[in-house]
Amino acid sequence: AAFMVPTEILAVQHYEHLTSLLEKLDGDECKPNIALLTGSTSTRESRIIRNGLKTGEISMVIGTHTLIADKTDFSALRISVIDEQQRFGVIQRGRFNNKLYTSSSKLSDENTSADVASDSETFMAPHVLAMSATPIPRTLALALYGDMSLTQITDLPPGRQPIETLALEGNDAGFETVFQMMRDELMDGGKVYLVYPIIEESEHLPQLHAAKADFDSIKQKFEGYPCGLLHGRMKGNEKDEALGSFRSGETRILLATQVIEIGVDVPDASMMIVMNAERFGMSQLHQLRGRVGRGGKKSRCVFLSSTSSTLPRLKVLENSSDGFHLANADLVMRGPGDLLGKKQSGHLPEFPIARLEIDGSILQEAHLAALKVLGTSNDLSLFPRLKVELSMRQPLCLLGD
């Protein structure tokens with residue numbers, strides 16, 4: 001089994017959680033050997049883990065992009081899981097898909113010729129599970145096209161309350177409202193995230209708020225409430241320290257970039273404010289919003305927009321917390337991209353009339369019809385005209401989904 005996630009923080013969390021679950025299993029003989037492989041894994045340990053994956057001694061690995069490196073090979077992969085699927089690009093997912101096919105010669109004895117294996121034994125493809133709280137338009141499109149079967153979990157985890165969401169224009173009145181909400185939340189014992197699109201001020205984008213530039217002014221405005229700073233340029237131990245201080249309550253306000261989007265779990269964080277929210281994708285904003293409301297306390301999330309013209313898109317998030325509804329709204333606005341290429345947004349040029357987000361039910365009917373045809377004749381020998389038509393179509397790209 002291979003479990004790929006976009007960040008090291010999340011990989012460590014999954015590894016620790018899976019390890020604790022496996023400890024509860026009775027009998028050592030049935031426990032799989034589990035490993036963690038990330039960019040921080042030492043060269044020596046990485047070599048040992050990769051060798052264990054190749055020989056089959058390690059039966060489960062949790063890792064980041066290291067799992068799609070050329071030197072990472074698997075002996076008998078049966079199931080692969082991609083968590084936070086929307087965070088991986090088309091090429092990255094394609095490279096992971098290429099890992100799914102394992103030549104049987106790797107599994108056979110070294111003295112056995114690969115030519116002995118029959119064609120049906122040459123390659124094996126494992127099951128693939130892709131998980132996302134916020135599927136991007138392309139993911140939704142792939143589901144509609146029949147490349148994925150879809151399962152939706154629509155209930156909140158036990159004990160959690162819905163997050164109150166507001167979208168406001170980031171003018172003087174908007175900031176005054178938001179800062180008053182922050183004071184109320186802090187006085188009530190809450191913790192607050194302030195999320196920024198950039199780390200330092202940019203002369204090319206003067207309208208954008210920056211985490212480091214705002215740090216001193218936020219400290220002055222909220223004197224008595226310690227502030228912390230977290231961004232991608234910090235070293236690993238600095239990030240851990242900043243997050244640990246916020247989690248323990250040593251700091252009550254955390255100024256951060258989108259580095260907190262994935263894998264950060266502070267249950268008593270009860271408010272989030274996203275500066276220049278229009279600079280973030282809809283799936284990013286939904287993910288960021290998920291960093292609050294993780295405990296029993298009623299939580300709020302405020303999206304501040306630079307201009308009134310960008311508010312309508314943010315209002316969609318204000319009115320819904322359903323990831324699939326948001327993905328569909330994003331699909332309408334951005335399009336699904338090239339299904340056989342690398343683009344992850346834009347409307348399909350090969351469909352000048354049909355629109356995926358509107359005519360998706362027709363695609364689902366076509367998918368069922370295709371399954372019926374294949375069930376009758378898996379090589380299409382009973383449907384010669386269809387076989388000829390399909391032979392003229394563009395084949396699926398190896399690097400595509």
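This report describes the fold, strand pairing, ring pairs and some individual residues of a predicted model.

## Overall composition

The chain has 401 residues, of which 41% count as buried, and its secondary structure comes to 12 helices and 13 strands. The accessible surface of the chain is about 21900 Å², with carbon and sulfur atoms supplying 53% of that area. Where contacts join residues at least 6 apart in sequence, 70% of them are between residues at least 24 apart.

## The five-stranded sheet

Five strands form an open sheet in the order β2-β3-β1-β4-β7, and their pairing is parallel. Its edges are formed by β2, which covers residues 34–37, and by β7, which covers residues 127–130, each of these strands pairing on one side only. On average, and with direction ignored, neighbouring strands of this sheet are turned by 15 degrees against each other.

At the β2 edge, the partner is strand β3 (residues 60–63), and the two are joined in the parallel sense over four bridges; within this pairing, leucine 37 stands opposite glycine 63 of β3. Helix α2, made of residues 43–55, packs on the sheet and touches β2 and β3, its direction making about 130 degrees with that of β2. Helix α1, made of residues 8–23, lies across β1 (2–4), β2 and β3, and runs at about 170 degrees to β2.

## Strand β11 and its partners

Strand β11 spans residues 253–256, and its side chains alternate in direction: Ile253 and Leu255 point one way, Leu254 and Ala256 point the other way, and all of them are buried. Strand β9 (residues 191–195) pairs with β11 in the parallel sense over four bridges, and in this pairing valine 195 has alanine 256 as its bridge partner.

Strand β10 (residues 227–230) also pairs with β11, again in the parallel sense and over four bridges, with glycine 228 standing opposite leucine 254. Between β10 and β11 the chain passes through helix α7 (residues 236–248), and the resulting β-α-β crossover is right-handed.

## Aromatic pairs

The structure holds three aromatic pairs. In one of them, the ring centres of phenylalanine 175 and phenylalanine 179 are 5.7 Å apart and the ring planes make 40 degrees, so this pair is classed as tilted. Because these two phenylalanines, 175 and 179, are four residues apart in helix α5 (residues 172–187), they are separated by about one helical turn. Residues three or four places apart in an α-helix point the same way, because such a helix has 3.6 residues a turn. Phenylalanine 175 and phenylalanine 179 are both buried, and ring pairs link Phe175 and Phe179 with Phe222 into a cluster.

Another pair is formed by tyrosine 193 and phenylalanine 246, whose ring centres are 4.9 Å apart and whose planes lie at 50 degrees, so this pair is tilted as well. The pair links distant parts of the chain, with tyrosine 193 in strand β9 and phenylalanine 246 in helix α7, 53 residues apart. Both tyrosine 193 and phenylalanine 246 are buried.

## A buried glutamate in helix α5

Helix α5 also contains glutamate 185, which counts as buried because its relative accessible area is 8%, under the 20% cut-off for that class. With residues up to four places away in sequence left out, glutamate 185 touches Gly190, Val192, Ser270, Met271, Lys297 and Lys298.

## Helix α8 and two loop residues

Helix α8, which covers residues 282–289, is mostly covered, with seven of its eight residues buried; these are Met282, Ser283, Leu285, His286, Gln287, Leu288 and Arg289. In the loop between β12 (269–274) and α8 lies asparagine 276, a residue that has a positive phi of about 45 degrees although it is not a glycine. Asparagine 276 is buried, because its relative accessibility is 4%.

Leucine 380 is likewise not a glycine, yet has a positive phi of about 60 degrees. Leucine 380 is found in the loop between α11 (360–376) and α12 (384–391), and at a relative accessibility of 11% leucine 380 counts as buried.

Conventions. Residues numbered from 1 in each chain as written. Predicted model: local features only at pLDDT ≥ 70, side-chain atom pairs only at ≥ 80, totals over all residues. Heavy atoms only, no water. Pairing = 2+ DSSP bridges. Axes fitted to C-alpha atoms, helices over the stretch in contact; angles between N-to-C directions. Contact = heavy atoms within 4.5 Å. Buried < 20%, exposed > 50% of the residue type's maximum accessible area, 1.4 Å probe, protein only. Areas by Shrake-Rupley, 256 points an atom, 1.4 Å probe, with all protein chains shown as cover. Right-handed = clockwise from strand over helix to strand, strands pointing away. Phe/Tyr/Trp six-rings, centres within 6.5 Å; stacked < 30°, edge-to-face > 60°.
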